[in-house]
Amino acid sequence: MRIALVGCGAVTQAVYAPLLSRRRDLFEVTAVCDLSPALAAAVGDRLGVTARYTSLDDMLAAGGFEAVVMLASGSHGEPVRRALEAGHAVLCEKPLALTRAEVAALPEGRLMVGYMKQYDPAVRRAEKLLAELGGPEAVRSVEVTVLHPSAGSQLAFANLTRAADVDPGLLASLRAAEDDLVSRALGVDAPESVRALYGVALGSICHDLSLLRRFTGSPAEISHVETWGPAPGSIEIAGTLPAAGRFSIRWHYLEDYPAYRETVAIHHDGGTLELAFPAPYLVNAPTVLTVVTPGADPGGEGRAEWREVTEAFETQLAAFHAYVTEGEPPLTGADGALEDIVTAQRIAARYAVQHGLPIGGEAA
């Protein structure tokens with residue numbers, strides 16, 4: 001399947017380029033696009049692609065591919081709309097958009113949103129085990145902890161090409177447009193603390209929201225949100241789940257923490273399913289699923305660990321290929337992405353209400 005890559009930054013260089021290089025049985029990259037000519041050239045050289053663009057419209061007009069993989073930063077609503085209108089299937093990295101209105105404006109088309117952790121083999125096994133235990137109704141609580149060091153430390157191994165050739169005026173206009181979208185989501189008077197919280201919710205915590213959707217469904221209520229520490233700091237979110245039980249998410253930005261770590265523990269009456277995720281940029285580093293059950297002897301505890309080195313990003317790419325070529329539905333499309341946007345807005349609104357801060361826009 002012929003594909004075009006939009007965005008040639010960190011995730012493209014560290015993850016997608018290596019995977020696409022080894023999955024030439026499924027994909028042929030025929031075009032790359034980035035605001036930075038240097039980044040487009042670096043990724044083009046690496047993948048042997050001569051069609052290189054700094055304009056999405058120019059790339060779409062030239063064609064030569066069936067699908068677009070949207071890997072640029074920021075809101076993807078408008079570029080995804082244009083790619084779908086041009087008739088292409090789209091795999092879009094999260095977040096799909098910053099507002100509900102952007103999602104509502106998308107035309108009918110083949111759209112898959114990239115939450116790679118949903119395709120992690122340990123997550124799929126945990127889903128199967130939870131279903132055997134009784135599904136969402138069996139959950140007492142879901143507890144998430146994320147320890148998030150700097151992106152620089154996570155990507156030090158990747159030897160990334162950096163962009164230094166993008167017009168500063170263009171970057172300023174893009175930042176202004178993104179700020180306008182956040183104002184539409186949260187209201188023009190929303191203070192920086194609420195905007196920053198919303199950014200983390202859609203940029204990082206959305207992965208955990210996507211896992212909640214798979215395991216239990218999106219939260220029924222956001223009952224508590226707190227932040228502390230130097231920005232982006234620490235974030236705590238708690239609430240009720242739609243079928244049974246409660247959830248809590250504790251996200252900590254720790255600049256000098258030695259390694260990224262994320263744990264998702266699903267507690268039920270008979271034990272625990274715990275997932276420990278490695279840094280997302282480490283291709284083929286396994287997620288560990290620990291299953292805690294009553295032991296064979298009275299009063300004992302059984303613990304079993306399961307891991308598999310199959311790469312979640314690679315499985316997601318294969319699922320996109322199956323979606324486009326065979327019609328196999330993705331785990332998250334526009335509807336699931338919209339659920340996460342709504343949940344992020346509910347998180348921002350709860351924080352604003354708790355602290356007497358203004359909130360408007362869609363979140364109101």
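Reader: Is H252 buried or exposed?
Author: Let's start with where the residue sits in this predicted model: H252 belongs to strand β10, residues 246-253. Its relative accessible area is 17%. Buried means under 20%, so with 17% the verdict for H252 is buried.

Reader: Which residues does H252 touch, leaving out those up to four places away in sequence?
Author: Happy to list them, staying with H252 in strand β10. Once residues up to four places away are set aside, the contacts of H252 are V146, L147, H148, W228, G233 and S234.

Reader: How many disulfides are there by the distance rule?
Author: A disulfide is a covalent bond between the sulfur atoms of two cysteines. For C92, the closest cysteine sulfur is in C206, 11 Å away, and because the rule asks for sulfur atoms within 2.5 Å, that is too far for a bond. Seen from C206, the closest cysteine sulfur is the one in C92, again at 11 Å and too far. The count of disulfides is therefore zero.

Reader: Are C92 and C206 buried or exposed?
Author: C92 has a relative accessible area of 0%. C206 comes out at 1%. Buried means under 20%, so C92 and C206 are both buried.

Reader: How many of the seven residues of strand β12 are buried?
Author: Strand β12 covers residues 271-277 and has β11 and β13 as antiparallel partners, with seven bridges to β11 and five to β13. Helix α9 also lies across β12, as well as across β7, β8, β9, β10 and β11. Strand β12 is largely enclosed by the rest of the structure, because the number of its residues that are buried is six.

Reader: Which residue in β13 is the bridge partner of L275?
Author: A good residue to follow! Towards β11, L275 in β12 stands opposite V264. Strands β11 and β12 are joined by a hairpin through two residues. On the β13 side, A276 stands opposite V288, while the bridge partner of L275 is L289.

Reader: Which are the edge strands of the eight-stranded sheet?
Author: The eight strands form an open sheet with mixed pairing, in the order β8-β9-β10-β7-β11-β12-β13-β14. An edge strand here pairs on one side only, and the two that do so are β8 (221-228) and β14 (301-307).

Reader: What angle does the direction of helix α11 make with that of β8?
Author: Helix α11, residues 334-354, packs on the sheet and touches β8 and β9. Its direction and that of β8 make an angle of about 65°.

Note on methods: Residues are numbered from 1 along each chain as its sequence is written. This is a predicted model: local features need pLDDT of at least 70, side-chain atom pairs count only at pLDDT 80 or more; totals for chains, interfaces and linings use all residues. Side-chain values use heavy atoms; hydrogens and water are left out. Helices (H or I, at least four residues) and strands (E, at least two) are DSSP runs, numbered from the N terminus. Buried means under 20% relative accessible area, exposed over 50%, partly exposed in between (1.4 Å probe, protein chains only). Contact means heavy atoms within 4.5 Å. Two strands pair if DSSP finds at least two bridges between them. Axes are lines fitted to C-alpha atoms, for helices over the stretch in contact, and angles run from 0 to 180 degrees between N-to-C directions.
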